[in-house]
Amino acid sequence: MGSRIVATGRAVPRTALTNSDLERYMDTSDEWIRSRTGIGQRYLMRQGESLAEIATDASRTALERAGVKPADLDAIIVGTVSSEYGFPSFACQIQQGLGISSIPAFDVAAACSGFVYAVQVADAQMRAGDFKRVLVVGADALSTMVDWNDRRTAVLFGDGAGACVMVTEPGNRGVLSSLLRSSGEHWTLLSVRATGTRSTIDSEVRRSPDDSIQMKGPELFKIAVKSMEEVSRLVAERAGVKLEDIDLFVPHQANMRIISAVAERLGMPPEKVYTNIDRYGNTSAASVPIALDEALEQGRIHDNSIVMLNACGGGLTWGANLVRW
Ligand code: ACO
């Protein structure tokens, strides 16, 4: 018995901030941001918005499309590092938003790899017979964790949530294989040393530079490319699938240059690579499920398509799921 993603959903904050808007906040330019990252705009949380509510909206969409009632879920697993509180977990907030009780709901903290990690955890527990229907969510609001005086990081991140419903199913469709990796020795390449998402761009609550995202971009760039390539090869090999038989590669949308470099090393032509970083920026754990939801809406994935989900982020963490649709 395996697990299959039967429906997806996404939701983002109301406000889109373009690169030109950012030029008003800091010494940057549309040309610099586009050429270095591929980002044109991003959605940002404003005061009074709740990422848990946004994630609950994405979850409702996925549940409706799946034809699964919230009450029929066996578990909620959320990839996030943006819990509004130290505790309760983000997953418990979504559970409350959906009005359900008495099922396990928990978070997986793997930064940008959070959704890929959560899919693996759900798949393993479903194969073990623990759950039949699981809501898996990726949600983050890293815009609330940047130092708006630090142009090296502030331009990169956007906020949002993506969700999917996974159900157990016999047969050869669904998650074929997953692989997760981390390297704690690299944690200082990307970190945030304080929790909470109250410091929105329009709020008077400000993070100190020490509590904001700290990033060593160029080093991270090199490791991201290498690790995303490696894990893609390994996860395909483990499933007995040739890289050329993958129909769509849905990578974490961190930086267009990282995506292009990984795709090139894997010999993936651009038409097999889904990108939307120009419209969302780096939404961390939300980026893969948002991209997956869009790819499905655009008819880029069909029954039996082989899809590779792949991410790398703070931790460092990285991983991939290979799925037959
Ligand atoms: N606008 C204008 N100029 C800028 C900006 C900006 N927003 N940011 C940096 N610069 C300037 C710098 O000050 C520097 O100027 P200087 O040479 O006069 O000091 C110059 O641009 C080059 O800066 P670098 O940091 O060396 O720029 P680089 O070409 O390495 O690009 C970037 C930076 C885009 C962050 C790149 O290193 C990168 O993509 N790294 C990967 C990190 C990443 O994607 N992180 C996301 C999270 S990790 C993940 O999700 C996998």
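Which polar backbone atom is 3.0 Å from a nitrogen atom of the ligand? The legends below address this point and others in a predicted model, in which local features need pLDDT of at least 70, side-chain atom pairs count only at pLDDT 80 or more, and totals for chains, interfaces and linings use all residues. Residues are numbered from 1 along each chain as its sequence is written, and side-chain values use heavy atoms, with hydrogens and water left out.

**View 1. Polar contacts of the ligand.** The polar backbone atom in question belongs to G217 and lies 3.0 Å from a nitrogen atom of the ligand. Oxygen atoms of the ligand have side-chain partners: a polar atom of R151 at 2.9 Å and a polar atom of W32 at 3.2 Å. A polar contact is a pair of N or O atoms within 3.5 Å; within protein, one must be able to donate a hydrogen and the other to accept it, and residues adjacent in sequence count only if both atoms are side-chain atoms. Of the 1000 Å² of accessible area that the ligand has on its own (Shrake-Rupley method, 1.4 Å probe), the protein covers 78%.

**View 2. The shell around the ligand.** The ligand is surrounded by 22 residues (a heavy atom within 4 Å), of which T28, R36, R151, H252 and N255 come nearest. By class, the shell has 11 nonpolar residues (Ala, Val, Leu, Ile, Met, Phe, Trp, Tyr, Cys and Pro), five charged residues (Asp, Glu, Lys and Arg) and six polar residues (the others, Gly among them). The largest share, four residues, comes from α7. Helices are DSSP runs of H or I with at least four residues, strands are runs of E with at least two, and both are numbered from the N terminus.

**View 3. An aromatic pair between two loops.** The structure holds two aromatic pairs (ring centres within 6.5 Å, using the six-membered ring of Trp). One of them, formed by Y25 and W148, is tilted, with 6.4 Å centre to centre and 40 degrees between the planes; planes under 30 degrees apart count as stacked, over 60 as edge-to-face and the rest as tilted. Y25 lies in the loop between α1 (19–23) and α2, and W148 in the loop between β6 (133–141) and α6, 123 residues apart.

**View 4. Backbone geometry in loops.** Most residues other than glycine have a negative phi, and most peptide bonds are trans. The peptide bond from F87 to P88 is cis, with omega near 10 degrees, and P88 is placed in the loop between β4 (75–79) and α4 (90–98). S102 has a positive phi, near 65 degrees, in the loop between α4 and β5 (105–108).
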